[in-house]
Amino acid sequence: MGQVLIYDHPLIQHKIAMLRDKNTSTKDFRELVSEIAMLMCYEVTRNLPLRDVDVETPIGIAHEKMLAGKNICFVPVLRAGLGMVDGVLSLVPSAKVGHIGLYRDPDTLEPVEYYCKLPVDVADRDVVVLDPMLATGGSASAAISFIKQRGAKNIKLMNLIAAPEGINRVVADHPDVDIYCAAVDKELNSHAYIVPGLGDAGDRLFGTK
Ligand code: PRP
Ligand code: URA
């Protein structure tokens, strides 16, 4: 059974408050998304497998541990997930990055796929799906299904702001997936936007509105 982890770290709460502010500029919004993603990544990577190594210091041999084998693949959901990539790569620079393009049809609110490119060895990696917003959960659930079709078994989902509806949807569709959220809001409005949320994450990241 997957777990749902809601962050209570003061730095993350502070930056989420700034992110929500409608007066935050595109530049600052972009920086905040990246910084919060980096802070969240610390916990997401807690259980990465390690191997024993002996390191020769100038004085002697230190028995240490380093990351074992193939590690992570990050998969941002286009577009808004792109804003989280730099932050997580600053912690795990050797990770591979796959991309899944999905948009929500404004009438049906169902996710429509337009792009999918994952590393060939994705089945051997721990996969972390990145998307700032988890609203109805349709996009995240579809992205996780694509990744599972390629053979990946160990999948986590990282969102900045989630609605209870989205968490419930992903837990129901993918009970094996751990969900990491920086904040969980009250509800969705009639257009399936998160309330109070932060508005349209893609538009705020890329300045398209
Ligand atoms: C946003 C967001 C998620 C999705 C969440 O993307 O980045 O992918 O909506 O909504 P859901 O949980 O109800 O599926 P959007 O469709 O606006 O596309 P964009 O990132 O290209 O702006
Ligand atoms: N997508 C967004 O960007 N914001 C929301 O509140 C819901 C979906």
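In this predicted model, ligand 1 is surrounded by 15 residues. The closest of them are Arg 104, Asp 131, Thr 136, Gly 137 and Ser 139. Sorted by class, this shell comes out as a mix: six nonpolar residues, five polar ones and four charged ones. Several parts of the fold chip in. Strands β6 (99-104) and β9 (133-134), along with helix α4 (138-149), each supply at least two residues of the shell. As for where the ligand sits, the space taken by ligand 1 is the largest pocket.

Next come the polar contacts. The side chain of Ser 139 has an N or O atom 2.5 Å from an oxygen atom of ligand 1. The backbone joins in too: a backbone N or O atom of Ala 135 is 2.9 Å from a ligand oxygen, and for Ala 80 a backbone N or O atom lies 3.1 Å from an oxygen of ligand 1. How much of the ligand does the protein cover? On its own, ligand 1 has 500 Å² of accessible area, and the protein covers 90% of that.

Then there are the aromatic rings. A pair of such rings is described by two things, the distance of the centres and the angle of the planes. The structure holds one aromatic pair. It is made by Tyr 103 and Tyr 114, with ring centres 6.1 Å apart and planes at 35 degrees, so the pair counts as tilted. Tyr 103 belongs to strand β6 and Tyr 114 to strand β7 (residues 111-117), so the pair ties together parts that are 11 residues apart in sequence. Strand β6 thus turns up twice, as it also supplies at least two residues of the shell around ligand 1.

Key
Residues are numbered from 1 along each chain as its sequence is written. Chains are lettered from A and ligands numbered from 1 in the order in which they are written. This is a predicted model: local features need pLDDT of at least 70, side-chain atom pairs count only at pLDDT 80 or more; totals for chains, interfaces and linings use all residues. Side-chain values use heavy atoms; hydrogens and water are left out. A residue is near a molecule or strand if one of its heavy atoms lies within 4 Å of it. A polar contact is a pair of N or O atoms within 3.5 Å; within protein, one must be able to donate a hydrogen and the other to accept it, and residues adjacent in sequence count only if both atoms are side-chain atoms. Accessible areas come from the Shrake-Rupley method with a 1.4 Å probe; for residues, only the protein chains shown count as cover. On a 1 Å grid over the protein atoms alone, a cavity is a set of points where a 1.4 Å probe fits but cannot get out, and a pocket is an open set with protein on both sides within 12 Å along at least five of seven lines; lining residues have an atom within 4 Å of a point. A molecule sits in a cavity or pocket if more than half of its atoms lie within 2 Å of its grid points. Helices (H or I, at least four residues) and strands (E, at least two) are DSSP runs, numbered from the N terminus. Ala, Val, Leu, Ile, Met, Phe, Trp, Tyr, Cys and Pro count as nonpolar, Asp, Glu, Lys and Arg as charged, and the others, Gly among them, as polar. Rings of Phe, Tyr and Trp (its six-membered ring) pair if their centres lie within 6.5 Å; planes under 30 degrees apart count as stacked, over 60 as edge-to-face and the rest as tilted.
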